[in-house]
Amino acid sequence: MTDVNTENKLEAMQRANGPLLEVKDLQVDFTTDEGHAVHAVRNSSFSVYPGQWVAIVGESGSGKSTSAMAVLGLLPGTGHVVGGSIKLDGQEISGLKQKDYDKLRGSKMGLVPQDPMSNLNPVWRIGSQVKEALVANNMDIDHEKRSEFAKALAGEGMELKGDDDETFLGSKELPELLATARQALVNIGKTGEDLDKTMAYFTEEWVPGSETRWRVADDLIKAGVADDDAWYLAKKYVIGSTMDDRIAGLLSEAGLPDAATRARQFPHEFSGGMRQRALIAIGLACRPELLIADEPTSALDVTVQKKILDHLHMLTDSLGTAVLFITHDLGLAAERAQHIVVMYKGQVVESGPSLEVLQHPQHPYTKRLVAAAPSLASQRIISVKEHGGDAKAVMEHTVNESSLENGEAIITVDHLTREFKLPRRKEMFKAVDDVSFSIKKGTTLAIVGESGSGKSTVANMVLKLLEPTSGTVTYAGKDISAFKGKELLDFRRHVQPVFQNPYGSLDPMYSIYRSIEEPLRIHGIGDKNSRTARVRELLDMVELPESVMSRYPNELSGGQRQRIAIARAMALDPDVIVCDEAVSALDVLVQDQVLRLLNDLQAEKGLSYLFITHDLAVVRQIADEVVVMQHGKLVEHATTDEVFDHPQMQYTRDLLDAIPGGKLQLGLD
Amino acid sequence: MTDMNETNLSTALPGQERYVAPLEETPLKAVDSIDESAPASSMWSDAWRTLRRNPLFIISGLLIIFIIFVALFPGVLTKQNPNYCNLDNSLDPSSAGHPFGFDLQGCDVYARVVYGTRTSLSVGVFATLLVVLLGTLIGAVAGFFGGWVDAVLSRLTDIFLALPILLGAIVVLQMFKTSDSIWKIILVMALFGWTSVARIARGAVLEAKNLEFNTASTALGSTPGRNLFRHILPNSLAPIIVVGTTSLATYIVLEATLSFLGVGLPTTTVSWGGDISHAQSILRTNPMVLFYPSAALAITVLAFIMMGDAVKDALDPKSRTA
């Protein structure tokens, strides 16, 4: 936390200035093809103060993004604001014409969009896209533009003599500045390691197009140079930057290393995290007072998410930018924002200081959300059925402990390696590198890793959808690579998959009945009547009404489809189910529901699960054993409690640290 | 942490005090509950519902039903024999029982327009059917097997695509000038026309092949062949049907063009193209002789193109302009 003085000063200023953004009774309607109005947002009020992070939390379809887009005047298609007011800096903006909005966007309000993959133009260099933002808003590239608010906060203790003190350093003058700065340091008697250290610090800090004159002077003074000399040097050498400098400066502020070179690259040369940094640079290029970040990191790995948000927090703090942060992750919201707004079905159901809302949720929906959030949960889901309805009495998940030690392995993976040929490369790419583990009967083993860690490749090899380059997978003591014909069919019957994408894994042309019946039909089980009876039974098992039989996948929600996929997997009474990111695409409440279903089924039927996920938080709820993978290699393998309480490897610790909200203390009542 | 918590409690900024919505305003629903009241909808029934409401579909549908009726039962609309020509009647204007008058040979123009429908329609329908069958087969095989099979078939497609269909048809039809059958023209159209369908079928199959439900099906124990027929092909049909419906009109025009050029159907077969060709020489003096078969051709083509558009909108809602 920042020190108490700054904290108080900030708050005093916020009180004095009033809210930067004030949304009152906002109502947004969408018109459907048939002409009906759908109320996407109803009677929603929230406000953002200067320099504050406010989070809007909700499931998909709760109206959180729509509210943000209404503020920006960027409602898609048939959406429009039909009621309420949106005030920016006290000025009503909800009824503005697009032309007037253009003046606000960029310079007053910035946006960091959700999907870094599709929000950068693939045919433009990154630098040009930053430049576009600067040029469109007619930005002065020589001087930093900061709000009075930010100046007052950041300039504390420095007297700013005028606008010229905010002039940027240019790359042309940098070498000379560094040389004379070194001379000045030598003159005041700095030598050896001390001198090198200070110069290294200067080289790192003085980024052309980002470092301002007063900061250079400040750095020199702090290093011991006399005030007058420092200001003399700063005034002589910090005389403004070029467009390229400013672009590189912005990108480097957003945390992109080697920004000048990177600015000349195209989006496809960037990783997801780097693209998101470029989008942050664009969003902040014109120094907006309000930055709207719409799920800025939901497409990224958790460790990258943490780095990017840490950086964004630091940056907006130093610029005095307020952030309206849209997220589906309650833990993330509580960790990052001071104020939380919870939305449900287009309405604000609860809002308040984040910790308070989290620790004492009052609206039943918020309570439900807090209870389901995997990042906040601290132990494995215990099947209610398993313990005769009295889950609370059993704090430890003891049943599987013994089977973990003495149980018989149903799937054993031994020194599994899979190589892929990369286009235009000679050497092979090892997607999976010497991985061994075994799944004991009736337990759940989770494989955790970030994208590209090879975890799905392992799943596909266990399912025999992909042949290993070397190593073996054994099922019930038999090597699966030898399976053919009847034996393979038998193996397929016992090892079933549930895939990640609930929209892709069901054939859209098949009714739900046909989808669930398909495995029975393939394996030639039963006649028409007995199959129908079985489908009914399966639907009942996943708690869906019989009436869905005649429906088609497009009519069901993601969670319902995933339950259908589970019903289909259960149709043949398998021993092992491989869940490849089976709950990743679902909202937390639905995710929680599906996890509980999987858990109940395990308790009831003694199933074994191989659970592939990128989300360590989910692992804690479902797994007995964890395998952590990184770059195709097995990094750590232990019981879930071991991994969470005593992680052995640095990588595992990083993953645990990156769980949003993982460290928040919850006193749930 | 606790410190900040307390300060927050005491000093929430104006407008940011703790707020809890009254429950009656936002009743909670069961998580992920299902709407059991809505009617079930498959892709086809959805498409049908969209079509039914499209005026384009209704107009073109009625027209096409009429055209098919005329093609099947030309005798209902005219009692005249289109091949009974009396030079005495040459270029006579319309009269009772002969609403469109007579052409240079003294044949009844109305009767010839009515009887020409069957030729045009059967050429269009059969050529389209053949083209779709051949194109889907080649495209699906290429897309499904990939590798060298795809390479060979795709190059073959490219080669045929490079041949102008009109030129190819003229060359081939010259060789079979003596045959009277309309099948020669249908076969020639299929020979040169399958490429566009093949390309689309290949793309659709490639796309459907990579969808997750195929992997899911394989993991359930299904074989590749079963996947192709049960999952991939049904999911690739929509774009193929769209191309088929739209290209039907093209083949009707092509038949008329070839007959006009004299390489199409034999002069003994009544066809709009042939009649347009014959009327060309007297266009200046008796334009109406040319007008009637041309109008029939235009209306038929328009009907099928409108139908194609409507089907496209229904099966591929993404292509609809907002």
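**Two chains, one sheet at a time**

Trainee: What order do the strands of the open sheet in chain A have?
Mentor: Four strands make up that sheet, with antiparallel pairing. Strands here are DSSP runs of E, at least two residues long, while helices are runs of H or I with at least four, and both are numbered from the N terminus. Two strands count as paired if DSSP finds at least two bridges between them. Read across, the order is β2-β1-β4-β5.

Trainee: And which strands stand at the edges?
Mentor: An edge strand here has a single partner strand, so one side of it is left without a neighbour in the sheet. That fits two strands of chain A, residues 37-48 and residues 91-92, namely β2 and β5.

Trainee: Before we go on, what kind of model is this?
Mentor: Residues are numbered from 1 along each chain as its sequence is written, while chains are lettered from A and ligands numbered from 1 in the order in which they are written. Local features need pLDDT (the predictor's confidence in each residue, from 0 to 100) of at least 70, side-chain atom pairs count only at pLDDT 80 or more, and totals for chains, interfaces and linings use all residues, the model being predicted.

Trainee: OK, back to the sheet: which residue in β5(A) is the bridge partner of Leu88(A)?
Mentor: Look at strand β4 (residues 79-88) of chain A, which is joined to β5(A) by two bridges and runs antiparallel to β5(A). Leu88(A) has its bridge partner in β5(A), and that residue is Gln91(A).

Trainee: How many residues of helix α2 of chain A are buried?
Mentor: Buried means that 20 or more other C-beta atoms, placed from the backbone, lie within 10 Å of the residue's own; exposed means 12 or fewer, and partly exposed is in between. Among the buried residues of α2(A) are Lys64(A), Thr66(A) and Met69(A). Helix α2(A) covers residues 64-72 and is largely enclosed by the rest of the structure, because the buried ones number eight of the nine.

Trainee: Which residues of β7(A) are buried on the side other than that of Leu290(A), Ile292(A) and Asp294(A)?
Mentor: Strand β7 (residues 290-294) of chain A has five of its five residues buried, so it is largely enclosed by the rest of the structure. Both of its faces are covered, and the other side holds Leu291(A) and Ala293(A).

Trainee: Then which residue in β8(A) is the bridge partner of Ala293(A)?
Mentor: β7(A) has company in the sheet: four bridges join β6 (residues 109-112) of chain A to β7(A), running parallel, and Met109(A) stands opposite Leu290(A). Five more bridges, again parallel, join β7(A) to β8 (residues 322-327) of chain A. There, the partner of Ala293(A) is Phe325(A).

Trainee: Where do the chains meet: which strand gives the most to the side of chain A that touches chain B?
Mentor: Two residues are in contact if their C-beta atoms, placed from the backbone, lie within 7 Å. By that rule, 58 residues of chain A are in contact with 40 residues of chain B. With seven residues, from within 347-353 of chain A, the top contributor is strand β10.

Trainee: What stands opposite Glu350(A)?
Mentor: β10(A) is joined by two bridges to strand β1 (residues 19-20) of chain B, and the two run antiparallel. The residue of β1(B) that faces Glu350(A) is Val20(B).

Trainee: How many helices does chain B have?
Mentor: From the N terminus on, its elements run α-β-α-α-α-α-α-α-α-α-α-α-α. Next to its one strand, the number of helices is 12.

Trainee: What radius of gyration does chain B have?
Mentor: The radius is taken over C-alpha atoms, and the globule rule is 2.2 Å times the number of residues to the power 0.38. The C-alpha atoms of chain B fill a box of roughly 110 × 50 × 35 Å along the principal axes. A compact globule of 322 residues would be near 20 Å, but chain B has 29 Å.

Trainee: Is Val132(B) buried or exposed?
Mentor: Val132(B) belongs to helix α5 (residues 109-145) of chain B. It touches Val197(B), Ile240(B) and Gly244(B), not counting residues up to four places away in sequence. Because 24 other C-beta atoms lie within 10 Å, Val132(B) is buried.

Trainee: Over which residues of chain B does pLDDT stay under 50?
Mentor: Chain B averages a pLDDT of 83, and 92% of the residues score at least 70. Where pLDDT is low, the predicted coordinates should not be read in detail. In chain B, the stretch under 50 is residues 1-10.
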